[in-house]
Every structure is written in C-alpha cells, then in structure tokens.
Amino acid sequence: VCSLRYNLSLDGCPAHEHDFEGRVILAEFEAFCVLTTYSPNNGATPKSFERRRLWDERMLQFVTQLKKPLVWVGDLNCAPEDIDLSDPDQFRSVIHETADGTIDPDNIGQAGCTDAERRRFRAILERGNLVDAFRELHPRTEPPPLESAEYSWRGFGGSGSRGLLRGLGMRLDHIVLTETLMPAVELVRICGAGKSKANFFGSDHCPVLVRFKEKEISALPAVVCEALRSSAPAPAAKKRQDDCRLDSFFAVKRRAQLPGAADQKRKKPEEVVISDSSDEERKTSQKIALHASLEKPRNVQASS
C-alpha cells in the first residue's frame, strides 16, 4: 500500500481526516486504487434526498480528479436498472409524500432505484470511465429468479409497507472499476442467495467477491497520481480521541484473552478468618487507647 486516505477530498483536505459521512477508505497501490464506501441511503424525505444528491456530486468530482485506475467496492445503495430488482413494479411504485402533500417525481420508488439515483450513478460511471464488473460478466435482459444469487440485498420485512419487501431482492452492492482493469478480472460473485438469505450472516446485505487474475494484475504498470501525494498516515500526535478509546478497549479485551485470565476471573477471593483470641486482643487494645485519651489533660485557654 502506497498511501491511505479516509475522505474523498483530493484538493487539500488531510488524508487522515475522516469523511463526515464516514465509512470511506481509499488505499493506493502502485498500479491502481481501491476505494470502499457506504453510499448514504436515499431515504424518503427531501432532507435525505438532498444528502444523497450531495454525496453523488462529491463522488462525481472524486472520480474525475483521480487520475489513476480505480476499484470501487461497497454498499453503493443503487440498483442501476430494473434487471437489478426482483420485482421492479413493487420497488418502483413506492411514493414518498412531503408534509405539504407534494411528490418529487424524480424520487418515486424505493430508495436505491429512483430515477435521480440511477441518473447520477450512470454519470459517475461515465465520467470516471468505470464499469459495473458484475453486469459486464453477467449480462441480463430480465430480472433473475427470486431465489438466485444475483441480489445483494434482501428485505427484512416488518410493519407497514416494509412488510411488503420481505424476501424481495435488489442488487445494491457493487464492484465498480476502471474499464481498463476489466481484462484482469477473473470473477465477480454475489455470495448470498434466496429468500432465506443464505450467507447474509444476519444482515440485509451479503458479501460481494471480486477475484483478479494474478498474472494480469501483476503486470499492470505503476501510475503516479499527484492528487494523492498528500495521502500520508495521520501523525501519532494527532490521533483522535475515539481511536485512543478503541485502543484502550481492545487492550482490555486482549488482556482478558491471556492464558489463565478466565481462571483469575473465576477465582474466589481468599477468606480471612480472625480467631477469637486475636479479636479479643483487638478489642482490648481499643479500650486501652480510648481510656488513655480520656485521661490526657486538656489545655484550656482562659479568656479575659
């Protein structure tokens, strides 16, 4: 790893400063960069729509500034096409009304598949010369079967309208990469499947795997990106308080895992038994001390 960055700002923001949305890690290697992000959910309110719009604009700026091949992975919270939805009619018909009863036609649909999100996602890919690696290897014209391993998100269900999404699927987690890297990709796989959510490990999202061909990826030429030259690790003196708290927490956890730590925790404290004779001696010494203090003459200062 040549450098690490925790934000999308390549125009002066220190590399160690965390993005205000969090969950951004950019690792620079000699020939390419790997970016992992959580893209904010579009939500169902004008405020959340605006939050997602601003994120997409920052991503667009980032991919145009980064002059180096990129592998972008994570929960990108966008199903690019209807073939990425198990039930397009169900997902695309969700309507969000504002407090005054107005409806934004650009944001009709379940979060992740609105026209606004899809349009901005396409713009990011086009401007950044990026491709959707899974769809490149697994082209489709119709949504895959509900039980297939082609949806990375499954609805949990719940009360109200959420219950209607139980078991339904969307492809929201992606492997997006610079088009020139595509020949080096061996496979892209969505690891979970079915309404029973096999390999989802208790989450509503499952892992997505990408594997590169060792020979091709090793042969890529080194690329220098001047915008990343400031991507140095954070100085130790500027370590955040949160990091220090985490260090302390894990230090305690490590001590708890040391051999014999569990036995020490379970060991009962030794009981101290005081014999009758020693107890009697203690009481006697206390009486003597009290008697001596009472017999001491008191210094009384008379006042005129």
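**Notes on the predicted model: helix H1, its surroundings and two loop residues**

1. Let's start with helix H1, residues 46-65, in this predicted model. At 1.5 Å a residue, its 20 residues should span 28 Å, and the end C-alpha atoms lie 29 Å apart, which agrees.

2. Which residues of H1 are buried? They are Ser48, Phe49, Arg52, Trp55, Asp56, Arg58, Met59, Phe62 and Val63, so charged residues such as Arg52 and Asp56 fall under the 20% cut-off along with Phe49 and Val63. The cover over these buried residues includes strands E2 (24-28), E3 (33-38) and E5 (130-132), together with E4 and H3.

3. H1 also matters for the largest nonpolar core, which has 22 residues. Those touching the most other members are Leu35, Met59, Phe62, Leu66, Leu70, Trp72 and Leu130. At least two residues of this core come from each of E2, E3, H1, E4 and H3, and H1 gives the largest share, with four. As general background, nonpolar side chains in soluble globular proteins tend to be buried together.

4. Leu70 is a good residue to click on when you look at this core. Leaving aside residues up to four places away in sequence, Leu70 touches Leu26, Cys33, Leu35, Phe62, Val63, Leu130, Val176, Leu177, Thr178 and Leu181. There is also a second, separate core of 18 residues, with Ala31, Val71, Ala184 and Cys206 among them.

5. Now for the aromatic rings: the whole structure holds four aromatic pairs. In one of them, the ring centres of Trp72 and Phe121 are 6.4 Å apart and the planes meet at 40°, so the pair is tilted. Trp72 belongs to strand E4 (residues 70-75) and Phe121 to helix H3 (residues 115-127); the pair links parts of the chain 49 residues apart. Trp72 is buried because its relative accessibility is 1%, and Phe121, at 4%, is buried as well.

6. Elsewhere, ring pairs join Phe29, Phe32 and Phe212 into a cluster. A ring also meets a charge: the charged end of Arg23 sits over the ring of Tyr38, 4.0 Å from the ring centre.

7. Is Arg135, in helix H4 (residues 133-137), buried or exposed? Arg135 is buried, because its relative accessible area is 11% and the cut-off for buried is under 20%. Apart from residues up to four places away in sequence, its contacts are Glu81, Ile83, Asp84, Arg140, Glu150 and Arg171.

8. Two residues deserve a look at the backbone. Most residues other than glycine have a negative phi. Lys197 is not a glycine, yet has a positive phi of about 60°, and Phe201, also not a glycine, has a positive phi of about 55°. Lys197 is in the loop between strand E9 (185-190) and strand E10 (208-212), and Phe201 lies in the loop between E9 and E10 too. Lys197 is buried, with a relative accessible area of 17%, whereas Phe201, at 66%, counts as exposed.

9. Finally, the wider view. The protein chain has eight helices and 10 strands, and buried residues make up 37% of its 304 residues. Among contacts with a separation of 6 or more, 66% are between residues 24 or more positions apart. The accessible surface of the chain is about 18,800 Å², and carbon and sulfur atoms account for 54% of that area.

Key
Residues are numbered from 1 along each chain as its sequence is written. This is a predicted model: local features need pLDDT of at least 70, side-chain atom pairs count only at pLDDT 80 or more; totals for chains, interfaces and linings use all residues. Side-chain values use heavy atoms; hydrogens and water are left out. Rings of Phe, Tyr and Trp (its six-membered ring) pair if their centres lie within 6.5 Å; planes under 30 degrees apart count as stacked, over 60 as edge-to-face and the rest as tilted. Buried means under 20% relative accessible area, exposed over 50%, partly exposed in between (1.4 Å probe, protein chains only). A charge sits over a ring if NZ of Lys or CZ of Arg is within 6 Å of the ring centre and within 35 degrees of the ring normal. The expected span of a helix is 1.5 Å times one less than its number of residues. Contact means heavy atoms within 4.5 Å. Accessible areas come from the Shrake-Rupley method with a 1.4 Å probe; for residues, only the protein chains shown count as cover. A nonpolar core is a set of buried Ala, Val, Leu, Ile, Met, Phe, Trp, Tyr and Cys residues joined through side-chain atoms within 4.5 Å.
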